[in-house]
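Work through the exercises below with the structure open. Try each task before reading its solution.

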Amino acid sequence: MTKLGLIQTRSYDTDQKAISDVAKILKKLGRNETEIVCLPEQWLKNNHISNWDLQFDEFKVIAKDFGMTIIPGAFYETIRGKSSIVSPIIGPKGEFIGKQEKIHPFDYERDNIKPGKEAKIFKTACKFGIVICYDMVFPKVANTLAKKGAQALLSPSRIVRRGIEPWEMYVQVRALENRIPIIAANVENHKFGGNSLIVDLSQNNKIVTTKITKLNGEQGASREFDLKKYETIRKSRFSDSNKFQ
């Protein structure tokens, strides 16, 4: 069994206050033996990170103390004059082990954001991929990660209130079509609609349906997954796909 979790955040006046308060939730999830935790996209007041180690030093300590993998969200990063939106990963030894670039910048982001070119697989408590917000709209991202061996998908997101209904549909459909659990974290405030999702799957007489946990307000939640149970139904689903034009 693998315990996966997420944190739904609210707005804060300063990054320091945000990280301090969220660190308390992370510790609670750590004491509950959560192995991988995902936070939303751009949940800090200043979402442009110039020094990952400095900004998330407290998270690194927590990750090491609890042997936990933390995906602290997705933020702007500028290297040699080119900006990307990236989701870093803090491994269970308290060090950054990699990052996933946002592949599909959304709307105004396209004017100044360099899109990512690779859907990457990371391995700590399990093999997982990261689907950043708008990337969830495009079936190929989740499908590529699943075919590369991902056992779960984590999605740092920032969805406005009017977009919650279609977003929930996208997340559930990606889970169903790839036979994979998805942990999707969102921000909740006056603009962004919360409703962070833990999507599990259940099967009854060959019919697979979603089992959903939704969050309300700023909080953390986690669930245990038997990830091996998905492998058979995922293999079967992919084998049913025929070539066509």
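The model is predicted.

**Exercise 1. Classify Lys27 as buried, partly exposed or exposed, and place it in the fold.**

Step 1. Lys27 has a relative accessibility of 33%. Buried means under 20% and exposed means over 50%. Lys27 therefore counts as partly exposed.

Step 2. Find the element. Lys27 belongs to helix H1, residues 15-31.

Step 3. Look at the surrounding charges. Lys27 forms a positive surface patch with Lys24, Lys28 and Arg31.

**Exercise 2. Determine which residues of helix H4 are buried, and how they are arranged around the axis.**

Step 1. H4 spans residues 139-147. Its buried residues are Val141, Ala142, Leu145 and Ala146.

Step 2. These residues cover an arc of only 125° around the axis, so they lie on the same side of H4.

Step 3. Recall the helix geometry. An α-helix has 3.6 residues a turn, so residues three or four places apart point the same way.

Step 4. Turn to the face directed away from the buried side. There sit the exposed residues Lys140 and Lys147.

**Exercise 3. Examine the backbone at Asp107 and at Asn205.**

Step 1. Asp107 is not a glycine, yet its phi is positive, about 50°. Asn205 is also a non-glycine residue with a positive phi, about 55°.

Step 2. Locate them. Asp107 sits in the loop between strand S6 (96-101) and strand S7 (122-123). Asn205 sits in the loop between strand S11 (197-204) and strand S12 (207-214).

Step 3. Check accessibility. Asp107 has a relative accessible area of 44%, so it is partly exposed. Asn205 reaches 68% and is exposed.

**Exercise 4. Trace three of the salt bridges and state what each pair connects.**

Step 1. The model has 11 salt bridges.

Step 2. Take Arg10 and Asp21, bridged at 3.6 Å, N to O. Arg10 is in the loop between strand S1 (2-8) and H1, and Asp21 is in helix H1, 11 residues apart. Arg10 is partly exposed at 36%, while Asp21 is buried at 14%. Arg10 and Asp21 also join Lys17 and Glu218 in a network of salt bridges.

Step 3. Take Glu77 and Lys99, bridged at 2.7 Å, N to O. Glu77 is in strand S4 (residues 75-79) and Lys99 in strand S6, so the pair ties together parts 22 residues apart in sequence. Glu77 is buried at 9%; Lys99 is partly exposed at 26%.

Step 4. Take Glu168 and Lys214, with their closest N and O atoms 3.1 Å apart. The pair links helix H5 (residues 164-178) to strand S12, 46 residues apart. Glu168 is buried at 12%; Lys214 is partly exposed at 45%.

Definitions and conventions
Residues numbered from 1 in each chain as written. Predicted model: local features only at pLDDT ≥ 70, side-chain atom pairs only at ≥ 80, totals over all residues. Heavy atoms only, no water. Patch = residues over 30% accessible without salt bridge, like charges linked within 9 Å, V, L, I, M, F, W, Y side chains within 5 Å. Areas by Shrake-Rupley, 256 points an atom, 1.4 Å probe, with all protein chains shown as cover. Salt bridge = Lys/Arg side-chain N within 4 Å of Asp/Glu carboxyl O. Lys, Arg positive; Asp, Glu negative; His and termini not counted. Charge placed at Lys NZ, Arg CZ, Asp CG, Glu CD. Helix = DSSP H or I, 4+ residues; strand = E, 2+ residues; numbered from the N terminus. Buried < 20%, exposed > 50% of the residue type's maximum accessible area, 1.4 Å probe, protein only. Arc of directions from axis to C-beta.
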